[in-house]
Amino acid sequence: MSTFDDKQPRRIVPRWRDSVATVVAGELVPFVTGERALPPKPSIEVVERRLAEWRKNPSVPFAADAVGVALVSGRPELARDAATFLLRNDKEGTPASRRLANVVLGLESFEPGDLAPTLDQTRAAIHRLRVRLRGEPRNSIGWIDLARHYVVVGLPDKAVDAMRRALALEPDNRFALRSAARLHLHRRDVEEALRVLRKSERTKTDPWLLASEVAVATVADRQPRFIKLARAAVASRSIDPKHTSELASALATIELREGHRGEARRLFHHALVSPNENVIAQAEWATQNLPTFHVPKRLLERPRSFEARAWEAYRSNRWMESFNEAMRWQSDEPFSSRPARMGTFVGSVLVQDYVRSEAMARRALQAWPDDFGMRNNLVFSLASAGQLPKANVEAAAMKDELLADPRNLAVWTATQGLLAFREGSIAKGRALYNAAIVSLGLQKDADAVAYAAAFLAREELLAGTPESIEALAQARKLAQGSSSQPLQAVILGLPTAPVSR
């Protein structure tokens with residue numbers, strides 16, 4: 001059975017995008033007048049060098065590099081010819097490069113589309129960056145972008161090495177510190193993420209870094225070290241609210257966790273004065289625990305608010321819209337497991353789009369090859385689509401150590417029941433589903449029991465068995481009283497009679 005925990009707590013950990021997107025989003029501008037912007041912008045000489053390389057090698061990759069560097073440098077007008085070249089060669093370019101070209105030409109704002117670069121395109125970007133960094137070893141931004149590419153293709157150790165080089169060059173760089181913290185969270189090394197942030201003196205004075213320290217500390221279930229400084233920064237009237245937005249949101253999350261709803265609501269209102277999309281997503285998540293708190297609809301339309309829109313649609317039972325936004329969210333954060341967890345569940349269970357669900361799961365498994373939920377949901381999607389040879393290949397890749405967790409084992413038992421049904425082994429499939437139901441019942445997970453019963457009923461009905469009507473009645477009974485709207489949608493979507501074979 002497909003699995004997804006829609007009650008999982010959320011922390012406002014820093015986003016990690018490439019340098020171009022981060023600069024364009026305005027998250028690296030100085031918050032004190034006269035302070036040097038971080039990271040330093042490429043000089044005009046660097047832009048001209050990229051343009052010269054493109055003219056010598058008139059291809060999409062070189063044009064994309066020139067356009068990106070010109071945009072980061074604040075001189076997009078220098079790359080108009082390269083941007084025009086990108087658009088003329090639309091079939092060669094990636095969605096991201098075409099959008100960069102549109103930004104340079106003033107045709108649209110910077111926001112990714114429905115598709116992320118393919119893995120082959122990401123590997124090609126790694127090659128180009130490695131070549132460039134041989135000639136520019138002190139390019140800290142290049143090392144950070146290289147680290148991100150490595151994470152996307154599932155090479156976290158190489159990502160750590162690249163990030164260390166970046167931090168060695170600029171140990172107090174906001175972009176480097178926040179990116180490094182996110183990298184170590186991805187590796188589930190929370191202590192290292194905290195160490196990196198706390199080692200820099202800049203963290204005590206930069207509200208963006210204070211926000212990261214508070215958020216990472218809560219992930220580690222530790223007391224934030226600089227919480228007094230964080231509260232003072234939020235209360236300060238001399239700092240533009242856009243710079244304290246994430247910080248206020250991080251503090252609001254702590255207050256909410258401790259049951260101080262009034263203070264949490266006040267801090268979230270502060271955070272939403274001038275929020276980025278990360279803050280909007282955190283506020284949307286908080287609405288499930290703050291009944292009288294709502295995120296204004298206008299904020300959901302902010303650029304890159306894919307996660308917030310995915311959750312808002314999910315809680316409003318607009319399943320296809322939620323699925324589409326989850327796909328865009330994965331495009332924006334291809335190394336994160338969270339968009340794929342939501343998307344593969346909604347896509348395979350609620351809208352039955354098995355092709356795109358498979359694609360989401362496979363992409364997530366590049367960065368998280370040992371993720372139980374992703375492997376399970378991939379097998380569920382493939383089996384539900386009738387692609388049994390592919391499903392069995394992926395099932396064989398499931399590692400035994402991932403099944404040590406009792407819930408994982410129960411969910412996987414149900415998924416094996418699906419495989420058995422689709423292979424024609426009805427009695428075996430029924431036995432596996434019933435074993436999963438018993439196990440989940442012992443774990444007192446009523447909704448999971450009802451899901452397993454619903455999927456058993458689905459398979460009985462599709463197989464046209466004599467037991468199908470009883471299985472359907474049992475699933476409906478187990479789902480009675482549940483407040484889970486996705487579960488109710490699954491029950492309502494079941495056939496009402498055995499399917500003729």
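In this predicted model, Trp 16 is in contact, once its neighbours within four places in sequence are set aside, with Ile 144, Ala 147, Arg 148, Val 151, Met 163, Ser 179, Arg 182, Leu 183, Glu 333 and Phe 335. Trp 16 also belongs to the largest nonpolar core, which holds 74 residues, and it stands with Leu 146, Met 163, Leu 247 and Leu 251 among the members that touch the most others. Helix 7, spanning residues 140-152, supplies eight residues to this core, the largest share. Apart from this core lies another, of 67 residues, which includes Trp 329, Val 349, Val 379 and Ala 452. In soluble globular proteins, nonpolar side chains tend to be buried together.

Aromatic residues can be followed in their own right, since a search of the whole structure finds 12 aromatic pairs. One of them joins Phe 4 and Phe 345, whose ring centres are 5.7 Å apart and whose planes meet at 35°, so the pair is tilted. This pair links distant parts of the chain, with Phe 4 in the segment before helix 1 (19-24) and Phe 345 in helix 19 (residues 338-350), 341 residues apart. Both Phe 4 and Phe 345 are buried. A further tilted pair is formed by Phe 421 and Tyr 433, with 6.1 Å from centre to centre and 55° between the planes. Here Phe 421 lies in helix 23 and Tyr 433 in helix 24 (residues 426-442), 12 residues apart, and Phe 421 and Tyr 433 are both buried. Phe 4 and Phe 345 also take part in one aromatic cluster, together with Trp 311, Tyr 314, Trp 319, Phe 380, Tyr 451 and Phe 455.

Helix 23, which covers residues 406-422, also contains Arg 407. Arg 407 is partly exposed, with a relative accessible area of 29%. Leaving aside neighbours within four places in sequence, Arg 407 is in contact with Thr 3, Leu 440, Gln 443, Asp 445 and Ala 448. Two of these contacts can be described through side chains: a polar contact of 3.4 Å joins Arg 407 to Thr 3, and a polar contact of 3.1 Å joins Arg 407 to Asp 445. Arg 407 and Ser 439 are 32 residues apart in sequence, yet their C-alpha atoms are 7.9 Å apart in space.

Side chains of opposite charge can pair when their charged atoms come close. In the whole structure, a search finds 42 salt bridges, and the table sets out three of them.

| Salt bridge | N to O distance | Relative accessibility of each partner |
|---|---|---|
| Asp 120 and Arg 123 | 3.4 Å | Asp 120 58%, Arg 123 40% |
| Glu 192 and Arg 195 | 2.8 Å | Glu 192 22%, Arg 195 42% |
| Asp 353 and Arg 356 | 2.7 Å | Asp 353 18%, Arg 356 26% |

Asp 120 and Arg 123 are three residues apart in helix 6 (residues 119-135), so about one helical turn separates them. Of these partners, Asp 120 counts as exposed, whereas Arg 123 counts as partly exposed. Glu 192 and Arg 195 are likewise three residues apart, about one turn, within helix 10 (residues 190-199), and here Glu 192 is partly exposed, as is Arg 195. In the bridge between Arg 356 and Asp 353, Arg 356 is partly exposed, while Asp 353 counts as buried, because its relative accessibility of 18% falls under the 20% limit. Elsewhere, salt bridges that share partners join Arg 10, Arg 15, Arg 17, Glu 277, Arg 304, Glu 307, Asp 332 and Glu 333 into one network. Glu 333 thereby has a place in this network and is also listed among the contacts of Trp 16.

How far can the coordinates be read? The protein averages a pLDDT of 90, and 91% of the residues score at least 70. Over residues 33-38, however, pLDDT stays under 50, and the model has 11 contacts beyond four places in sequence for that stretch. Over residues 110-115 the pLDDT is also below 50, and this stretch has 26 contacts in the model beyond near neighbours in sequence. Where pLDDT is low, the predicted coordinates should not be read in detail.

Definitions and conventions. Residues are numbered from 1 along each chain as its sequence is written. This is a predicted model: local features need pLDDT of at least 70, side-chain atom pairs count only at pLDDT 80 or more; totals for chains, interfaces and linings use all residues. Side-chain values use heavy atoms; hydrogens and water are left out. A nonpolar core is a set of buried Ala, Val, Leu, Ile, Met, Phe, Trp, Tyr and Cys residues joined through side-chain atoms within 4.5 Å. Buried means under 20% relative accessible area, exposed over 50%, partly exposed in between (1.4 Å probe, protein chains only). Helices (H or I, at least four residues) and strands (E, at least two) are DSSP runs, numbered from the N terminus. Contact means heavy atoms within 4.5 Å. A polar contact is a pair of N or O atoms within 3.5 Å; within protein, one must be able to donate a hydrogen and the other to accept it, and residues adjacent in sequence count only if both atoms are side-chain atoms. A salt bridge is a side-chain nitrogen of Lys or Arg within 4 Å of a carboxyl oxygen of Asp or Glu. pLDDT is the predictor's confidence in each residue, from 0 to 100. Rings of Phe, Tyr and Trp (its six-membered ring) pair if their centres lie within 6.5 Å; planes under 30 degrees apart count as stacked, over 60 as edge-to-face and the rest as tilted.
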